[in-house]
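User: I have a model open and should like to go through a few positions with you. Shall we begin with one serine?

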Amino acid sequence: MPHIVFEKKDLISTPSSKDGVDFQFIAQSYDFTKSNRKIEYRVATKYNNKEFLLTIKPKDENLMIKSDKVTRLSPVSLIKDSLNAYVKENSSRIIFSNTNSFKAEKEQKHKYLKDINYFVDEFETNKEIQIEIGFGSGRHLLHQAKSNPNIQFIGLEIHYPSIEQLLKQLEIQNITNVLVINYDARLFMEFIESNKVGKIFVHFPVPWDKKPHRRIYSNEFINEAFRVLKVGGTLELRTDSRNYFDFCLELLTNLPKGKINIDINKDLEVSSKYEDRWKKQGKNIYDLTLTSLNEDKAIDLSFDFSFENSINLKDIISKIPEKAIIVNNYFVHIEELYTILGKENSGLIKVTMGNFDRPITKYILIQEGKASYYQGNPLPTSSNIDAHKNLKEILFK
C-alpha cells in the first residue's frame, strides 16, 4: 500500500491544486461512539477525472497519508501522484515514502473478463443467454461455447486461478462467445433481463454441508432463475453429493408450479476429471433439472438512490444506531461520521450495507444539507434497495 509519513503540521487549505491534483475538501472524524479514538481525516481528491479519498492519520509523532480503502482505485500510480502532490502542497518534510520509484502502471484487463457494472449498464445481446455458475476448470463451458457459437455464454466463478485458466483457453481456442465475471451468482441474476436465458448450469457446486446458508440453491435463487429463464429454459444441477441433491429437491418440490426431471449417472458429452474419478470409484452422480413453464415480468434497474430531503448533520449524530440493523435479506451499519472543515452542515457518513454475502461500503456526502452517494450510487440489487430505504428512515426520522 503506497503511503507517506511526513512531519506533523497544519493541514492544507481547500480547495487547492498541485501538479494537476485537485483537493476539494478535508473532513475530520467525529467520535460519536465516545471511545476517544485518535482523529483521522479524509481528503476529497480529484485526479484524471476520478474522485476518491485520501486518509491522513497519526503515525507516532508524525502523520501518515495513504489511500482510503473504500474509495481506492487503479492504477495505483494515480494514488501515488496524489500522495506526493498533497505533501508537496503542504511543504512537509518527508520521514518515509514508498511512492517515488515505480514504473508507469497500466490496467491490464482481458476483453472477455467483465465487472458487474458492465452487466448493469452496458450488456446487451439479441442472442440466447446460457449461464454456468462455478465453471471450475472450464471444460464444460468451453465445450458448450464451441458447440453453440450462436449462444452468448456467461461464466461465473469466484476462484481466480480458474478464471485465468479459462481466459487463457478462450484465447488459445479462439472462442468469442463467452463473458466471464468474478461475482456471487446469488446476486448476479438480479441484473439479467427476464425470459432471456435458455440454460443455467450448476455443476458440482460446493455442498457446504456445515454452512448451508452459503449454498447457491435457495428459494431466492430459484425464484430469480425462474424469472430469467425463457419458457422451456432449464436450471440444471449436477452433483455427486446426495445431501445436496436432497436439499435442492426439497426446495424445488415446494414450488407452486414447475417441471422436474431426475437422472442418475447420466453421461454427458464432456465431463471433468473429478467426475471421471468419482465414476471409477462407483460414486453416483445426480442430475436435477427444473424447466420454466411461465413468462415473467420485466425488471426495472432504474431505482432512484437519491436522498430527497435536507439533512441536519447535528441531528443525525443523536440518531445513529450503535449496532448494525439486521433484517432478513439485508443489513445497515453506520460506521463512521466526518465533518467537513470550514463548511456548515457538511460531512461524510461511512456506511456498510446490503447483502450479507456481498456487502458494500459507501460514503454518503453531505454538502450544506444535501446528501448523495460519493463515487456514485450502489448497484440496484434488491438488498441494496431495501438497505437504502432503511437508511433514509434512520437519517430522516
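User: Is serine 292 buried or exposed?

Analyst: This is a predicted model. In it, serine 292 has a relative accessibility of 1% and therefore counts as buried, the cut-off being under 20%.

User: Where does serine 292 sit in the chain?

Analyst: Serine 292 belongs to the loop that runs between strand E14 (286–291) and helix H9 (313–319).

User: And which residues is serine 292 in contact with, leaving aside its neighbours in sequence?

Analyst: Beyond four places in sequence, serine 292 contacts Phe226, Leu229, Lys230, Val231, Gly232 and Gly233. In addition, a polar atom of the serine 292 side chain lies 3.4 Å from the backbone oxygen of asparagine 294.

User: Changing topic: where does UniProt place the feature "binding site"?

Analyst: The UniProt entry, which is unreviewed, places that feature at Glu132, Glu157 and Asp184. These positions span 53 residues in sequence, yet no two of their C-alpha atoms are more than 12.2 Å apart, so they gather at one spot.

User: Take glutamate 157, then. What is it in contact with?

Analyst: Glutamate 157 is in the loop between strand E9 (152–156) and helix H4 (160–172), and its relative accessible area of 10% makes it buried. Setting aside neighbours within four places in sequence, its contacts include Gly134, Phe135, Gly136, Ile181 and Tyr183. A polar atom of the glutamate 157 side chain lies 2.9 Å from the backbone nitrogen of glycine 136.

User: Which side chain does aspartate 184 join in a polar contact?

Analyst: That of arginine 186, in a polar contact of 2.8 Å. Aspartate 184 lies in the loop between strand E10 (178–181) and helix H5 (185–188). With 10% relative accessibility, aspartate 184 counts as buried. Not counting residues up to four places away in sequence, aspartate 184 touches Asp357 and Arg358.

User: Now the interior. Which residues of the largest nonpolar core touch the most other members?

Analyst: That core has 42 residues, and those touching the most other members are Ile131, Ile154, Phe188, Ile200 and Tyr217. Phenylalanine 188, for its part, contacts Ile116, Phe119, Ile131, Ile154, Leu156, Ile181 and Tyr183, leaving aside neighbours within four places in sequence. Another core, of 23 residues, lies apart from the largest one, and among its members are Val332, Ile334, Ile366 and Leu395.

User: What tends to happen to nonpolar side chains in soluble globular proteins?

Analyst: As a general tendency, nonpolar side chains in such proteins are buried together.

Terms used. Residues numbered from 1 in each chain as written. Predicted model: local features only at pLDDT ≥ 70, side-chain atom pairs only at ≥ 80, totals over all residues. Heavy atoms only, no water. Helix = DSSP H or I, 4+ residues; strand = E, 2+ residues; numbered from the N terminus. Buried < 20%, exposed > 50% of the residue type's maximum accessible area, 1.4 Å probe, protein only. Polar contact = N/O pair within 3.5 Å; in protein donor to acceptor, adjacent residues only side chain to side chain. Contact = heavy atoms within 4.5 Å. UniProt positions renumbered as here; feature names shortened; annotations may be inferred. Core = buried A, V, L, I, M, F, W, Y, C linked by side-chain atoms within 4.5 Å.
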